[in-house]
Amino acid sequence: MTDLPFGFTVRVPESWYEFDVWRAGRTGDLARLVDARVAAAPGLAPHRSVLLKVLREVADMAARHGAVFGAAMTDHVEDVGTVLATLMVLHTRGRPDPEGNTVEAIASGVIAIPPRHDTPAWRDVRIVELDAGRAVRVTGVESGEIEAVTTQTLIPVPGGHGVLDLVLTSPHLSLTEPMLDLFDAISATLAWSGPEGE
């Protein structure tokens with residue numbers, strides 16, 4: 001991972017918890033986030049320990065993956081229960097040859113997987129136009145230790161500074177379509193900030 005030469009912003013719904021990945025594991029930031037939410041919505045008080053545990057797990061996962069930003073949703077949905085979704089933003093150097101970091105090159109390196117009746121896994125790969133620029137959008141259901149609805153948005157960083165990857169996931173396969181719609185809306189808010197990103 002390299003340092004970004006300028007900043008970025010991405011907006012998540014107000015109910016999500018946003019956290020600084022580096023500080024989350026070293027300070028009491030997560031506990032303060034949960035306590036502030038409980039103070040605003042006292043009905044969450046019985047769930048404080050669970051919320052904090054989930055956020056710590058998400059923050060730990062984000063730190064292990066080298067994320068530069070993290071956020072999580074732990075909303076209660078009628079007839080479903082607690083719904084979890086996470087956002088990690090990763091920054092990589094990309095390929096040594098700048099030509100390998102174009103959206104066309106990135107898209108050609110990701111294999112699409114058509115839906116099949118014997119597995120829930122599928123993957124769609126396409127190029128999208130965002131306000132922040134052209135990007136590769138990878139959506140689908142990934143199977144592994146945990147099956148998850150996923151959306152990855154890979155976008156070349158302006159000025160040839162690698163690739164930014166917004167990774168949104170949720171384990172709720174029964175909510176695949178609404179989750180993909182939500183992830184699409186969140187990814188679309190990406191904007192660059194700072195000298196080169198203005």
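1. Two strands count as paired if DSSP finds at least two bridges between them. With that in hand, a few notes on this predicted model, starting with the strands.

2. Have a look at the β7/β8 hairpin. Six residues sit between the two strands, and in that turn Gly159 has a positive phi of about 85°. The pairing itself is antiparallel, with eight bridges joining β7 (residues 148–156) to β8. If you want one pair to click on, Ile155 has Leu164 in β8 as its bridge partner.

3. β8 has another partner too: strand β4 (residues 81–92) is joined to β8 by seven bridges, and this pair also runs antiparallel. Here the residue to pick out is Met88, which stands opposite Val167 of β8.

4. How much of β8 is buried? Seven of the eight residues in this strand (163–170) are, which leaves β8 mostly covered.

5. Next, Thr139, which you'll find in strand β6 (residues 133–142). Is Thr139 buried or exposed? Its relative accessible area is 9%, and buried means under 20%, so Thr139 goes down as buried. Neighbours within four places in sequence aside, the residues in contact with Thr139 are Trp122, Arg123, Asp124, Thr150, Thr151 and Leu180.

6. A second threonine worth a look is Thr176, in helix α5 (residues 176–187). Its relative accessibility is 13%, so Thr176 also falls under the 20% cut-off and counts as buried. A polar atom of the Thr176 side chain lies 2.6 Å from the backbone oxygen of Leu173. Again skipping neighbours within four places in sequence, Thr176 is in contact with Trp122, Val141 and Val149. Trp122 is worth displaying alongside both threonines: it is on the contact list of Thr139 and on that of Thr176.

7. Last, helix α2 (residues 29–40). Its 12 residues reach 17 Å from the first C-alpha to the last, close to the 16 Å expected at 1.5 Å a residue. Which residues of α2 are buried? They are Asp29, Leu30, Ala31, Val34 and Val38. Among the elements covering these buried residues are β2 (17–19), α1 (21–24) and α3 (48–64).

Definitions and conventions:
Residues numbered from 1 in each chain as written. Predicted model: local features only at pLDDT ≥ 70, side-chain atom pairs only at ≥ 80, totals over all residues. Heavy atoms only, no water. Helix = DSSP H or I, 4+ residues; strand = E, 2+ residues; numbered from the N terminus. Buried < 20%, exposed > 50% of the residue type's maximum accessible area, 1.4 Å probe, protein only. Contact = heavy atoms within 4.5 Å. Polar contact = N/O pair within 3.5 Å; in protein donor to acceptor, adjacent residues only side chain to side chain. Expected span 1.5 Å × (residues − 1).
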